[in-house]
Amino acid sequence: MNREAKEIRLRMMKSAYESDLAEYTEKGRISGLGWHCAIYYVEFLGRSRKAIEQLEEELKEENA
């Protein structure tokens with residue numbers, strides 16, 4: 001994946017993460033997932049954050 005595509009993907013991932021986190025904070029669930037288990041939501045958010053961090057690291061390495 002080229003750098004520009006990674007930057008676009010990162011922005012989309014961050015936007016989705018922030019939206020999901022806000023919904024979970026406000027409603028205690030994430031409607032787009034269709035599950036009703038708090039542990040699953042927390043795990044989903046954690047994996048999303050980790051994926052964002054990995055992509056950020058890849059972009060930093062490409063800048064170096």
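**Notebook: two helices and a loop**

I began with the buried residues of helix α2, and what covers them includes helix α1. I take buried as under 20% relative accessible area, exposed as over 50% and partly exposed as in between, with a 1.4 Å probe and protein chains only. Helices are DSSP runs of H or I with at least four residues (strands: E, at least two), numbered from the N terminus.

The model is predicted, so I kept in mind that local features need pLDDT of at least 70, that side-chain atom pairs count only at pLDDT 80 or more, and that totals for chains, interfaces and linings use all residues. Residues are numbered from 1 along each chain as its sequence is written, and side-chain values use heavy atoms, with hydrogens and water left out.

**Entry on α2.** I looked up which residues of α2 are buried: they are Tyr41, Leu45, Ser48, Ile52, Leu55 and Leu59. I then checked the length of α2, which has 26 residues and reaches 38 Å from its first C-alpha to its last. That is close to the 38 Å expected at 1.5 Å a residue, where the expected span is 1.5 Å times one less than the number of residues. I also looked at Gln54, which is found in α2. Gln54 counts as partly exposed, because its relative accessibility is 45%. I noted that the C-alpha atoms of Gln54 and Asn2 are 15 Å apart, although their positions lie 52 residues apart along the chain as the separation is counted.

**Entry on α1.** Next I listed the buried residues of α1, which are Lys6, Leu10, Met13, Tyr17, Asp20 and Glu23. They pack against α2. The 25 residues of α1 should span 36 Å, and the end C-alpha atoms are 36 Å apart, so the two values agree. Before α1 comes a segment that holds Met1. Met1 has a relative accessible area of 61%, so I entered Met1 as exposed. Leaving out residues up to four places away in sequence, Met1 touches Lys6 and Arg9, contact being heavy atoms within 4.5 Å.

**Entry on the pair.** How do the axes of α1 and α2 cross? The axes of α1 (residues 3–27) and α2 (residues 38–63) come within 10 Å and cross at roughly 155°. The two helices are therefore roughly antiparallel. The cut-offs are under 35 degrees for roughly parallel, over 145 for roughly antiparallel, 65 to 115 for roughly perpendicular, and oblique for the rest. I wrote down the residues of this contact by type: 14 are nonpolar, two polar and 10 charged.

**Entry on the loop.** Is Gly32 buried or exposed? Gly32 sits in the loop between α1 and α2, and I entered Gly32 as exposed because its relative accessible area is 71%. Gly32 and Asp20 are 12 residues apart along the chain, and their C-alpha atoms are separated by 8.5 Å.

Gly28 is in the loop between α1 and α2. With a relative accessible area of 38%, Gly28 is partly exposed. Setting aside neighbours within four places in sequence, I found Gly28 in contact with Glu23 and Tyr41. Gly28 and Tyr41 are 13 residues apart in sequence and 8.7 Å apart in space, C-alpha to C-alpha. Tyr41 is among the buried residues of α2, and Glu23 is among those of α1.

How values were computed
Axes fitted to C-alpha atoms, helices over the stretch in contact; angles between N-to-C directions. Nonpolar A, V, L, I, M, F, W, Y, C, P; charged D, E, K, R; others polar.
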